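Biologist: I am new to this structure and would be grateful for a guided reading of it. May I put my questions to you one at a time?

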Amino acid sequence: MGDTEDRLDSEISTLLTEERSFPPSEEFQRLAFVRNGDIRERSWAEPEQFWANAAQGLHWFKPFDRVLEWDPPNAKWFLGGQLNASYNCLDRHIKAGQRNKAALIWEGEPGECRVLTYWDLYREVNLFANALKGLGVAKGDRVAIYMPMIPEAVIAMLACARIGAVHVVVFGGFSAEALRDRINDAQAKVLITADGGYRRGQILPLKHDADYAIKETPCIEHVVVVQRGNFPLRFKEGRDHWYHRLLEDADPYCPPEPCDAEDILFILHTSGTTGKPKGIVHTTGGYMVGTYTTTKYVFDLRHDDVYWCTADIGWITGHSYIVYGPLAAGATCVMYEGAPNWPDRDRFWQVVEKHGVSIFYTAPTAIRAFMKWGDEWPARRDLSTLRLLGSVGEPINPEAWMWYHEHIGGKRCPIVDTWWQTETGMIMITTLPGVDATTPGTAGLPVPGVRATIFNADRKEIKTGGGLLAVTHPWPAMLRGIWGDPERYKEQYWSKWDQETYFPSDGAKRSENGYFTLLGRVDDVLSVAGHRIGTMEVESALVDHSAVAEAAVVGIAHEIKGQAIVAFVTLKEGSEASSSVEANLKEHVVKKIGAIARPERIVFSADLPKTRSGKIMRRLLRAIGEGKILGDTTTLADPTTVEGLRRKYEEQEEA
Ligand code: WT7
């Protein structure tokens, strides 16, 4: 009884919270880069004109003669134009008198600090670009990057961009097998890695893992190893090269390769509903214009800001808002190697205090963890330099939003809740911090130049209320395809309605004031700690284990991670369920994918609930996982399965 009442109370308070509105302070407004929201209406009416103007902020070796060629679902932006991403992130600022400005302020987890000015970064990128050329890397070749969060990761990306090579960054937390599959998918020629990196006081043995991966990647010709620590490793002469040795012999200047606007800048893999990760393709001109422009509009960057995005460069957030957007905008960026709770739970706030961070961009899963750790951790640090906060990766619940606002932002910083995806390349829906009032848990409006709306399944527009998010016009940083799979590109993103409307697979609702609130994925993709993980990917990893006959994976609500993975597993004849099998299976998933995909729980069952047509009833498994009341189960082939499963789950829960 008490339980129901509690729930009612919290639902009511949630409703009340959503009514709250936080306008920017007069001071913030007065100094903001964008002070007038009318720019949005104009840009939505004429997006091409808006983006053509925005593109003038970058340096083009050859001006473009056409803004957009739209042959649905294929878009080409800035045709005829030539530019170089590394030139725009480095040379341009050096020529403009900014060579002594800090580009990267790097904090290692053990506590060391390195500051690279724009000149320093320029010099290293040039040297390394020449070293890559020396290894035979040419324009269009793919280069895999498997690195900890150290400056050389950024240098490697920009060095690839400088010579027109395509980088394929693989998150350092992914397993050797995940690395192998991505290298093979992209057919990368060179792998750049490090002896290791630090995470929560432990060493991530990257080169060691990479050695396993490249046993099965015949395409890799050379491996470059950055010496981060003095971590033990094996070296294969002829194939493996120390990064610092290569730089010693390299020429200091590497002319930036003029790239066509539609030349590929990078491939980044992301999870989809099938087992195989998709290599999302981004090209140079549109991506650079999109990330540069949104960095300025959304983060309100000023000359003396210290900007910190806590993402890893292995995700799109790191690509767009640690590297390309902020560096193209000439920002000073903080980069931190390790965990937020190392050596203590105030590490982030110590970094903010030490470097005077003014713009801070992180994920709801981190905010929820801070909230749980307690108010005293941020309270013991001076956070008064902060002036703008951001959130990305998943919906931010109003409680976490309010905590962020009060305990990190000191009630004075606007919060930009930014909705976007690996595929969109750039921020798509948020508030403009100097213009709009914010509402906890609500992202806001499409950014200038982006047209988005909400449709129902029949493409009827939903003015207020819930439905499916849709992007109705191409935007410059949009994905250009899935590497090696044009059919899947069409099918996955452009087939929901009319082949001209992009479907991101997110649910959304629109309020009276037009603001969009994101409601989460509508497909079988989980959001665990802000990272997309396909249920199929985890299922494939489980079924790959010799003891497993069948597996079904669902996401259930989790206090900090947003969603946690629960796997329902049927073992093969002759295998007995036990806690050691459970531990083995979890480790197996870690080995196949990486620690982010480790199931929170494994429930063993003799069979899985299926519809008469043989489809696993995930909705039901989710309801069981969350301990909710079961709905109508009469369409099940064998209704007793569910009863058994549900009881079993509860028994395990109690144990
Ligand atoms: C999915 C994209 C884009 C960088 C990190 C994730 C969810 C992202 C928000 C937000 C609600 C969000 C969506 C989206 N998402 N930002 N502000 N509010 N949901 O990139 O791995 O490509 O995942 O993350 O579901 O589709 P990603």
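Biologist: Which residues does the UniProt annotation "domain: AMP-dependent synthetase/ligase" cover?
Modeller: Please bear in mind that this is a predicted model. Over the annotated stretch the chain is 31% helix and 24% strand, and its end C-alpha atoms are 32 Å apart. The annotation comes from an unreviewed UniProt entry, and it covers residues 96-474.

Biologist: Which residues does UniProt list for "domain: AMP-binding enzyme C-terminal"?
Modeller: Here the chain is 27% helix and 32% strand, with end C-alpha atoms 17 Å apart. This record, too, is an unreviewed entry, and UniProt lists for it residues 537-615.

Biologist: How many residues surround the ligand, and which are the closest?
Modeller: The shell around the ligand divides into 6 nonpolar, 5 polar and 5 charged residues. Helix α12 (316-328) and the strands β20 (415-418) and β27 (516-521) each supply at least two residues of that shell. In total 16 residues surround the ligand, and the closest are Asp 417, Thr 418, Thr 422, Asp 506 and Arg 532.

Biologist: How much of the accessible area of the ligand does the protein cover?
Modeller: Let us begin with individual atoms. A nitrogen atom of the ligand is 3.4 Å from a polar backbone atom of Glu 394, and an oxygen atom of the ligand lies 2.6 Å from a polar side-chain atom of Thr 422. The side chain of Asp 506 has an N or O atom 2.5 Å from an oxygen atom of the ligand. On its own the ligand has 560 Å² of accessible area, and the share covered by the protein is 94%.

Biologist: How many residues of α12 are buried?
Modeller: Helix α12 spans residues 316-328 and supplies at least two residues of the shell around the ligand. Just after α12, Gly 330 takes a positive phi of about 75°. The helix is mostly covered, and the number of its residues that are buried is 13 of 13.

Biologist: Is Thr 295 buried or exposed?
Modeller: Thr 295 lies in helix α11, residues 284-299. Beyond its neighbours up to four places away in sequence, Thr 295 touches Asp 300, Leu 301, Tyr 321, Gly 325, Pro 326 and Ala 329. Because its relative accessibility is 0%, Thr 295 counts as buried.

Biologist: What is the phi of Asp 300?
Modeller: Asp 300 is found in the loop between α11 and β16 (306-309). Its relative accessibility is 2%, so Asp 300 counts as buried. Most residues other than glycine have a negative phi. Asp 300 is not a glycine, yet its phi is positive, at about 55°.

Biologist: Is Ala 529 buried or partly exposed?
Modeller: Ala 529 sits in the loop between β28 (525-528) and β29 (531-534). Although not a glycine, Ala 529 has a positive phi of about 50°. Since buried requires under 20% relative accessible area and exposed over 50%, the 25% of Ala 529 makes this residue partly exposed.

Biologist: Which residues of α8 are buried?
Modeller: Helix α8, residues 176-186, is mostly covered, with 8 of its 11 residues buried. Gln 187 follows α8 and has a positive phi, near 55°. The buried residues are Ala 176, Glu 177, Ala 178, Leu 179, Arg 180, Arg 182, Ile 183 and Ala 186.

Biologist: Where is the cis peptide bond that has omega near 0°?
Modeller: Most peptide bonds are trans. One cis bond joins Trp 342 and Pro 343, with omega about -5°, and Pro 343 is in the loop between β17 (332-336) and α13. For the bond with omega near 0°, the second residue is Pro 73, found in the loop between β1 (66-71) and β2 (74-79). That bond runs from Pro 72 to Pro 73.

Biologist: How far apart in space are Arg 239 and Ser 527?
Modeller: Arg 239 is in the loop between β11 (222-226) and β12 (240-242), and it is buried, with a relative accessible area of 18%. Its contacts, leaving aside neighbours within four places in sequence, include Lys 207, Asp 211 and Glu 221. Arg 239 and Ser 527 are 288 residues apart in sequence, and their C-alpha to C-alpha distance is 38 Å.

Terms used
Residues numbered from 1 in each chain as written. Predicted model: local features only at pLDDT ≥ 70, side-chain atom pairs only at ≥ 80, totals over all residues. Heavy atoms only, no water. Near = heavy atom within 4 Å. Polar contact = N/O pair within 3.5 Å; in protein donor to acceptor, adjacent residues only side chain to side chain. Areas by Shrake-Rupley, 256 points an atom, 1.4 Å probe, with all protein chains shown as cover. Helix = DSSP H or I, 4+ residues; strand = E, 2+ residues; numbered from the N terminus. Nonpolar A, V, L, I, M, F, W, Y, C, P; charged D, E, K, R; others polar. UniProt positions renumbered as here; feature names shortened; annotations may be inferred. Buried < 20%, exposed > 50% of the residue type's maximum accessible area, 1.4 Å probe, protein only. Contact = heavy atoms within 4.5 Å.
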